[in-house]
Amino acid sequence: MTTVSQTALALDFPILERERLVYLDSAATSQKPRVVLDALEDFLAHHNANVHRGVYPLAIEADTCFNIGRAQIAAFVGAQPAETIITKNATEAINLVRYSWGPGNVGAGDAIVLTEAEHHSNIVPWQQLCEEVGAELRWLEVDDEGMISLDQLDEFLADGRVKMVAVTHCSNVLGTINPVEEVVARARAAGAASLIDGSQAVPHMAVNVDAIGADFYVWTGHKAYGPTGIGLLHGRREMLEAMPPFLTGGDMIKTVSFEQATFNELPFKFEAGTPPIAETVALGAAVDFIAGLGIERVRAHEEVITAYALSQLEAIPGLTIQGPPLARQRGGLVSFTLDCAHPHDVAEILGRDQVCVRAGHHCTQPLMKKLGLGATTRASFAVHNSTDDIDALVASLGRVIEIFGD
Amino acid sequence: MDDALYREEILEHYKRPHNFGPMEKPDRESFDTNPLCGDELHVMLKVDDGDVVEEVRFEGHGCAISQASASMISDEIKGMKLDDLARLDRSAILDLLGIDISATRMKCALLSLKVLKSAAIGTLADWEPDTADAARPAGGAPL
């Protein structure tokens, strides 16, 4: 079988034509393949008009492009277009649930379960909701290998006070792939709703939101080879229908009078104002790009890269890797610390070699506190990476040790 | 290895910081963080009856730029009046570092100055480092 690794060189990412660029920051944002840039330009150059209610041919073309984009996006993750709400980003998708679903379903004395490894985007909205209604947060601990315990989840669920379990599919720091089907099933059995943050999962592993069965599944376009400015909320229809609108205004209404308004059907009820039309079209092209490679092959490729990175990094004295020991337990990213240098200095020196990694708290300050770290350096992988990129990372880390090691 | 940002003096201050450690009953102190790097800095001062700095200690952790700049400036402010300390501007630090600082690292470089000024003023300085005139990226990469 031809691996993506072998075809990786043939993949067309214009930005990688920059000299020597070793891009290992796809968990922050992915680079964009030419097919996505082409789709964006083609729409804006040849089909652009506002969507909904236009009657001239160009407007109908724009409607068609937009609808196809949403259908492609939904199909890629096994969701229904009507249950696929387009937002600004994953953060807004979570906030939509927090504001629209939260107040009617979480009250004083109730509880919300999160993991210690959540991104701030899946912490702060729930903290705010809890503060507002007098509910409490319960934190699923991550162990030394970055794993959560389903037994602890059961303990949390036992008293029947938990109304929401919100868990990341794949940790953006530890890389841990969480057992989300199990989490969702246990939450549902205990009468709690569930939300899965799939931002680090959708572009890297087969995700079927229908099979996972969460009440809400969110992700973002720009980490999935698409443009910024588009996020997704897939919700179960009965949940979405029971929820009041989030933002209100144009597009999300059926009728408006001087006194009141009635609201549009799904998914438009939750899409106030002009949506990110070109971004939807381009993200449609992006998921087609992934589907064209084959998500199973993408996963296999990134697992090879991750395993190679783990083995090479482990061999560096004074380097500590965070998260699960095995590549198959992880998404395509590795966070680490070096004894001799602060992550920010590491990233700065790597940057001199055009090795692009992220350093900092990765929007997971509670997790950093738990790990006893101020920051880590993170290398994250995508379809265009090869083991050469890992070799470049390791060589550059050698320079860091030369400068900082005693 | 020759590296402009991590020149020998800066690395020396980072690895073996001056005036580092706790202080019993400081007369003035201040604490702040730089969320970008996760840097934390706690500065403690002893001053005499004329509000002149007699002793300075700092504690914290962070990147080489923030920790080295704290170490370097700590050597400079002994004998300085609190009023003068409160009036120090960014050049005090940038001259000591003697290197080009990129926009993203300016907050690292200036954290120690901010915390020292806060200690001198007695409240968290209402002062954010202006990064507008930070050095442009070198290397000819298109911006």
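User: Which residue in β6(A) is the bridge partner of A:Val167?

Analyst: A:Val167 has A:Ile196 as its bridge partner in β6(A). Before we go on, this is a predicted model, in which local features need pLDDT of at least 70 and side-chain atom pairs count only at pLDDT 80 or more, while totals for chains, interfaces and linings use all residues. Residues are numbered from 1 along each chain as its sequence is written, and chains are lettered from A and ligands numbered from 1 in the order in which they are written.

User: What makes β5(A) and β6(A) a pair?

Analyst: Two strands pair if DSSP finds at least two bridges between them. Strand β5 (residues 162-168) of chain A is joined to β6(A) by five bridges, so the condition is met, and the two run parallel. On the way from β5(A) to β6(A), the chain passes through helix α7 (residues 180-189) of chain A, a right-handed β-α-β crossover (clockwise from the first strand over the helix to the second, with the strands pointing away from the viewer).

User: And how do you know that β6(A) pairs with β7(A)?

Analyst: Three bridges link β6(A) to strand β7 (residues 216-220) of chain A, therefore they pair too, again in the parallel sense. Among these contacts between strands, A:Leu195 has A:Phe216 as its bridge partner in β7(A). Both are DSSP strands (E, at least two residues), while helices are H or I runs of at least four, numbered from the N terminus.

User: Why is β6(A) called mostly covered?

Analyst: A residue is buried if 20 or more other C-beta atoms (placed from the backbone) lie within 10 Å of its own, exposed if 12 or fewer, and partly exposed in between. In strand β6 (residues 193-197) of chain A, five of its five residues are buried. On one side these are A:Ala193, A:Leu195 and A:Asp197, and on the other A:Ser194 and A:Ile196. In a regular strand the side chains alternate between the two faces of the sheet.

User: Why is A:Asp288 called partly exposed?

Analyst: A:Asp288 has 19 other C-beta atoms within 10 Å, which puts it between the two cut-offs, so it is partly exposed. You will find A:Asp288 in helix α10 (residues 277-293) of chain A. A:Val35 is 253 residues from A:Asp288 in sequence, but their C-alpha atoms are 9.4 Å apart in space.

User: What makes a set of residues a nonpolar core?

Analyst: Its members are buried Ala, Val, Leu, Ile, Met, Phe, Trp, Tyr and Cys residues joined through C-beta atoms within 7 Å. The largest such core has 154 residues, and A:Ile112, A:Val218 and A:Ala286 have the most contacts inside it. At least three of its residues come from each of domain 1 (37-290) and domain 2 (295-404) of chain A, whose bounds come from an automatic or database domain assignment. In soluble globular proteins, nonpolar side chains tend to be buried together.

User: How many residues does each domain give to the contact between them?

Analyst: The C-alpha centres of domain 1 and domain 2 of chain A lie 28 Å apart. Domain 1 gives 22 residues and domain 2 gives 24, where contact needs C-beta atoms, placed from the backbone, within 7 Å.

User: How many residues do chain A and chain B give to their contact?

Analyst: Chain A gives 12 residues and chain B gives 14. On the side of chain A, α12(A) has the largest share, three residues. As for chain B itself, it has five helices and three strands, and 39% of its 143 residues count as buried.

How values were computed: Contact = placed C-beta atoms within 7 Å.
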